[in-house]
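These notebook entries record what I looked up, element by element. I began with a turn and worked outward from there.

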Amino acid sequence: MGAPFIVKDIRKQLLAAFDVEHREHLHAIRGALDAAETGDVDLTDVFRRAHSLKGAARAVELPAVEEIAHQLEALFSQLIDDKRDLDPRTIAAVRLSLDAIEDLTAEIDAPSGSASSGPALQALNDLLGQPTPPTSIAPLEKQGSPPPPRPEPPGMPEQGVGSYLRVAADQMEQLSSSMHQLLAEIQADDAISEDLQQVELDVRGLRRSWDLLQPQMKIMGAGSQFADSGSRSTGAFTSRLRAFDQDLRGLFRTLSTLARTRKKSAWTVEQAARRVRDDIDRVSLVSAETVFGNFGPMVRDIAREEERDVHVRTIGLDIQVDRQVLQALKDPVMHLLRNAVSHGLEPIAERAAKGKPERGEITLELASRGGRLAVSVRDDGRGPDLLRIENVAVERGLLPKRPAGGRMPRMDQLLSLVFTPGFSTAAAVDRLSGRGMGLSVVAEAARKLHGSVLLRPRFPWGTEALLSVPFAAARQPLLLAEAEGRTFGFPTYGIERLLRLRSESLESVEGRPAARIEIGGRDVVVPVVALAALTGSPNAQIPIENKNIKAVLVSHGARYCAFAVNAFDDVRTMLVSDIDVVGVSEIASGTVMLEGELPALVLSPERLVEHWIRHESYLAASGLGLAEWSDDAQKHTTTILVVDDSITTRTLEKSILEAQGYRVLLSVDGIDALNVLRAGETIVDVVIADVEMPRMDGFGLLQAVKADARLATTPVILMTSRAAPGDIRRGLDLGASAYITKQNFDQRELLATIGQLL
């Protein structure tokens, strides 16, 4: 009785596997077609994928798909044999065939009979010089459809099949290796428990010795009446006391060693656990193709219903992302694609009148930018109608009516309004748009994912919507900073740079403090705002410590803002929870828990900039100035970057510097150090670098630092075994603040040199 269910279950599993595999092949072939339009293409790989696709379709009994794949295989084989390139006609036929395969496969679950292999096979056979058999153009529901389900016995529920996750073999090997390393560290940690038990036994032995010594100590202190036997008892007592002292010293040494071992063990176990967590996170990621892979045929169907001809390009769907993030983005991205068809693309006649290709183009691209997932939906349509947006904003009361001859609001301000709930520029309600929801659903989805969305025009025509969200749903790297006694988290993706500004360098621009900062090779005047002024203390002044201002430079679109804080604390990857507190959600994207179960707000860089833009006149009028800040408990800790490929040298220098109260960062070579310096996550006060290192030596690092305008003022000390006069002269000529040789190393000289530079 179980056989029918087993067969049915196997077919479900095969179809689930085919769903993943065929998307992978189609994506690769489309990528090759894109490459063929601009350069060379590997036809051998394309041929192999067509062959694999044919075999996979045969395995799941989809003859219509199998036939198209077979003809594609024959076409690519002919091109390879004749040593011909892909011409525009061939590319168009292949794209049509890939679209047909997508449409045919999409009808497996919900047959509509609209998908057909006929046009694709006709185009391929024309290229191959073959006639098209009449039986080849039947829709999917007439060929290759699964047979009607057999009746199931009563009381036997249908067996479900779990979703499939394709994991690379090297990821599993790395996860296995990390897991074994963690187990080894845990086993080593167990040995410490045995040592602790031995210490407990030693302590009990000392306690017994002490109990025996106490009566003799009382006798020794009783007085001269025991003088006649004092010599014998004193000798025995002294011997026992000496033994007790030795045992006590031994116990202290054991405890000291055990404490160091325990600290090292805890650190190694933590690092091993972090590696396992990171490996598991990587394994849990899935290809964006699994969620967005069917968007192409869906958009083409929508465009056909709207009588628009469109080519849908998908780029970067092989990127690995947390499944929860992809599922949360599914509806918003589809909304943007529908919007591109409805609002963006013009009818064919209108495009032709503008000199555009009759066939419009919509592109969905996923990429990694700054450790975040960037989702771009762009079209080559008419572009945003700024005047229409302004008129709707005025009607909704979002903007004041512009006087005759007045200047139009800034473009970024207008485009940000389209994400307001209920904002829509559609003239009428239809199937695609104008339902009163607009793009606010996209903005809300981005907010829940601790991300942002931006709309901008493309040139010479078109529109782009750009979503930026974390790859994982919950964990984010954060910079923790303090302002007015409170701790806040900044997502590191939104931080352009950490700044240390001299208070006398600030300028007054329209009555507000500002700093002139080099960004992208040009000087940009950036407003400097006390972070506390935006987080609940509107009269807060910019804090100053020793005439320095610490600030976080963030950007949103083309706007920059520097938020002054009291101190930078740490950079950590933390679990971020949602927040729905009225009044703070305007600038915060979530919360994290600090030590002692204290919550801290995670600030959204984009919302901070928008909040400042909306309220800058009020904040400026509140008389923000500069406040001298000298809380001894929050004094700046000097940060020193030690760069050396020798772990022994790094450890020695780190221990020396930390004993003097410095914060120490470590890098293994010049490239690693340069990445730390340019990342801007920590302000480095002094660099101590070796010369002889792999990839980039100390001289190369010194040159790179001095050539970078943002880093040029950072003091660099070269500490190396190369003591030749020529090497010393070269180091000083390149801009080293000091040159110390390791042969005559004296830690007092190093500390004195650092003190002079600071």
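**Entry 1. A hairpin.** I first examined strand 12 and strand 13, which form a hairpin with two residues between them. In the turn, Gly520 has a positive phi of about 60°. I note at the outset that the model is predicted. Strand 12 covers residues 512-519 and strand 13 covers residues 522-530. The two run antiparallel and are joined by six bridges. As one example of a bridge, I found Glu518 partnered with Asp523 in strand 13.

**Entry 2. The other partner of strand 13.** I then followed strand 13 to strand 16 (residues 559-565). How many bridges join strand 13 to strand 16? I found three, and here the strands run parallel. Val528 stands opposite Ala562 in strand 16. I recalled that strands of a sheet pair through backbone hydrogen bonds, either parallel or antiparallel.

**Entry 3. The six-stranded sheet.** I placed these strands in their sheet, which is open and has six strands in the order 10-15-16-13-12-11. Its pairing is mixed. Which strands stand at the edges? They are strand 10 (495-502) and strand 11 (507-509). Each has a single partner strand, so one side of each is left without a neighbour in the sheet. I recorded an average twist of 45° from one strand to the next.

**Entry 4. The five-stranded sheet.** I looked up a sheet of five strands, also open and mixed in its pairing, with the order 2-4-5-7-6. Strand 2 (310-315) and strand 6 (452-457) have one partner strand each; therefore they stand at the edges, with one side of each lacking a neighbour in the sheet. Ignoring direction, neighbouring strands of this sheet are turned by 15° against each other on average. Inside this order, strand 5 (residues 372-379) and strand 7 (residues 463-470) run antiparallel and are joined by eight bridges. I noted that Ser376 has Leu466 in strand 7 as its bridge partner.

**Entry 5. Leu366 in strand 4.** I selected one residue of strand 4 (residues 360-369), namely Leu366. Is Leu366 buried or exposed? Leu366 counts as buried, because its relative accessibility is 4%, which is under the 20% limit for buried residues. Leu366 and Ile315 are 51 residues apart in sequence, yet their C-alpha atoms are 6.3 Å apart in space. Beyond its neighbours within four places in sequence, Leu366 is in contact with several residues, including Ala288, Phe292, Leu317 and Val375.

**Entry 6. Phe292 and its aromatic partner.** The contact with Phe292 led me to helix 8 (residues 289-292), where Phe292 lies. Phe292 is buried, because its relative accessible area is 0%. Residues up to four places away in sequence aside, Phe292 touches Leu317, Leu326, Leu329, Lys330, Val333, Leu364 and Leu366. From Phe292 to Val333, 41 residues along the chain, the C-alpha separation is 8.7 Å. I then searched for aromatic pairs and counted one. The pair consists of Phe292 and Phe295, with 5.2 Å centre to centre and 35° between the planes, and it is tilted. Both Phe292 and Phe295 are buried.

**Entry 7. Helix 9 and Arg300.** I turned next to helix 9, which lies across strand 2 and strand 4 and runs at about 160° to strand 2. Helix 9 comprises residues 295-305 and includes Arg300. I asked whether Arg300 is buried or exposed; at 6% relative accessibility, Arg300 counts as buried. What does the side chain of Arg300 make a polar contact with? The partner is the side chain of Glu102, at 2.7 Å. Apart from neighbours within four places in sequence, Arg300 is in contact with Arg30, Asp99, Glu102, Val310 and Val312.

**Entry 8. Helix 3.** My last entry concerns helix 3 (residues 63-82), which has 20 residues. From the first C-alpha to the last, helix 3 reaches 28 Å, close to the 28 Å expected at 1.5 Å a residue. Among the buried residues of helix 3 I listed Ala64, Ile68, Leu72, Leu75, Phe76 and Leu79. Glu66, Gln71 and Glu73 are buried as well. Just after helix 3, Lys83 takes a positive phi of about 55°.

Note on methods
Residues numbered from 1 in each chain as written. Predicted model: local features only at pLDDT ≥ 70, side-chain atom pairs only at ≥ 80, totals over all residues. Heavy atoms only, no water. Helix = DSSP H or I, 4+ residues; strand = E, 2+ residues; numbered from the N terminus. Buried < 20%, exposed > 50% of the residue type's maximum accessible area, 1.4 Å probe, protein only. Polar contact = N/O pair within 3.5 Å; in protein donor to acceptor, adjacent residues only side chain to side chain. Contact = heavy atoms within 4.5 Å. Pairing = 2+ DSSP bridges. Axes fitted to C-alpha atoms, helices over the stretch in contact; angles between N-to-C directions. Expected span 1.5 Å × (residues − 1). Phe/Tyr/Trp six-rings, centres within 6.5 Å; stacked < 30°, edge-to-face > 60°.
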